[in-house]
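Colleague: Before I rely on this model, I would like to hear the reasoning behind the labels attached to it. Could you take me through them one by one?

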Amino acid sequence: KFEKAVIKVGGMTCASCVQTVQKALQTLDGVISADVNLSNERAYITYNPSLVDIKKIRDVIDNAGYQFLGTD
Ligand code: 9UX
């Protein structure tokens with residue numbers, strides 16, 4: 001069974017930022033889909049919780065140079 005998460009992401013100011021975060025999330029093993037919205041600064045993620053967790057997702061966002069600001 002997959003889980004969904006809505007994550008607030010800080011530091012994105014242009015469409016290239018969005019692409020960077022989205023690609024980083026989509027590359028992470030266990031992430032089924034990742035859609036990043038610039039105007040509301042949210043990442044909408046569907047993931048397999050047996051392969052990846054919110055902590056790993058958080059690290060990917062932070063390592064890409066943006067900020068994990070919490071979940072909705
Ligand atoms: Mo756009 Mo984002 O020129 O770090 S890539 S601001």
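The exchange below sets the labels against the values and cut-offs behind them.

Colleague: What kind of model is this, and what is the mean pLDDT of the protein?

Modeller: This is a predicted model, and the mean pLDDT of the protein is 98, with 100% of its residues reaching 70 or more. For the complex, the predictor gives an ipTM of 0.92 together with a pTM of 0.95.

Colleague: How do you arrive at the pattern of helices and strands along the sequence of the protein?

Modeller: Helices and strands are taken as DSSP runs, and the protein comes to two helices and four strands, which read along the sequence as β-α-β-β-α-β.

Colleague: What radius of gyration would a compact globule with 72 residues have, and what does the protein have?

Modeller: A compact globule with 72 residues would have a radius of gyration near 11 Å, and because the protein has 11 Å, the two agree. Along its principal axes, the C-alpha trace spans about 35 × 20 × 15 Å.

Colleague: Why is Gln 67 counted as partly exposed?

Modeller: A residue needs 20 or more other C-beta atoms within 10 Å to be buried and 12 or fewer to be exposed; Gln 67 has 15 such neighbours, and therefore it counts as partly exposed. Gln 67 lies in strand β4, residues 67-71, and its contacts, leaving aside residues up to four places away in sequence, are Val 9, Gly 10, Gly 11 and Asp 62. Its C-alpha atom is separated by 8.8 Å from that of Met 12, although the two are 55 residues apart along the chain.

Colleague: Why do Gly 30 and Glu 41 count as partly exposed?

Modeller: Gly 30, in the loop between α1 and β2, has 14 other C-beta atoms within 10 Å and is therefore partly exposed. Glu 41, in the loop between β2 and β3, has 19 C-beta neighbours inside 10 Å, and because 20 or more are needed for a buried residue, Glu 41 too counts as partly exposed.

Colleague: What makes the phi of Glu 41 worth a remark?

Modeller: Most residues other than glycine have a negative phi. Glu 41 is not a glycine, and yet its phi is positive, at about 55 degrees.

Colleague: Which residues of the largest nonpolar core touch the most other members?

Modeller: That core has 16 residues, and those touching the most other members are Val 9, Val 21, Leu 25, Ala 34, Val 36, Ala 43 and Ile 45. Two or more residues are given to this core by each of β1, α1, β2, β3 and α2, and the largest share, four residues, comes from α1. Ile 45 touches, among others, Ile 7, Leu 25, Ala 34 and Ile 57, not counting residues up to four places away in sequence. In the protein as a whole, 22% of the 72 residues count as buried.

Colleague: How do you know which residues surround the ligand, and how does that shell divide into nonpolar, polar and charged?

Modeller: The criterion is a C-beta atom within 6 Å of the molecule, and the ligand is surrounded by Thr 13, Cys 14, Ser 16 and Cys 17. Because Cys counts as nonpolar while Thr and Ser fall among the polar residues, this shell divides into two nonpolar, two polar and no charged.

Technical notes
Residues numbered from 1 in each chain as written. Predicted model: local features only at pLDDT ≥ 70, side-chain atom pairs only at ≥ 80, totals over all residues. Rg over C-alpha atoms; globule rule 2.2 N^0.38 Å. Contact = placed C-beta atoms within 7 Å. Core = buried A, V, L, I, M, F, W, Y, C linked by C-beta atoms within 7 Å. pLDDT = per-residue confidence, 0-100.
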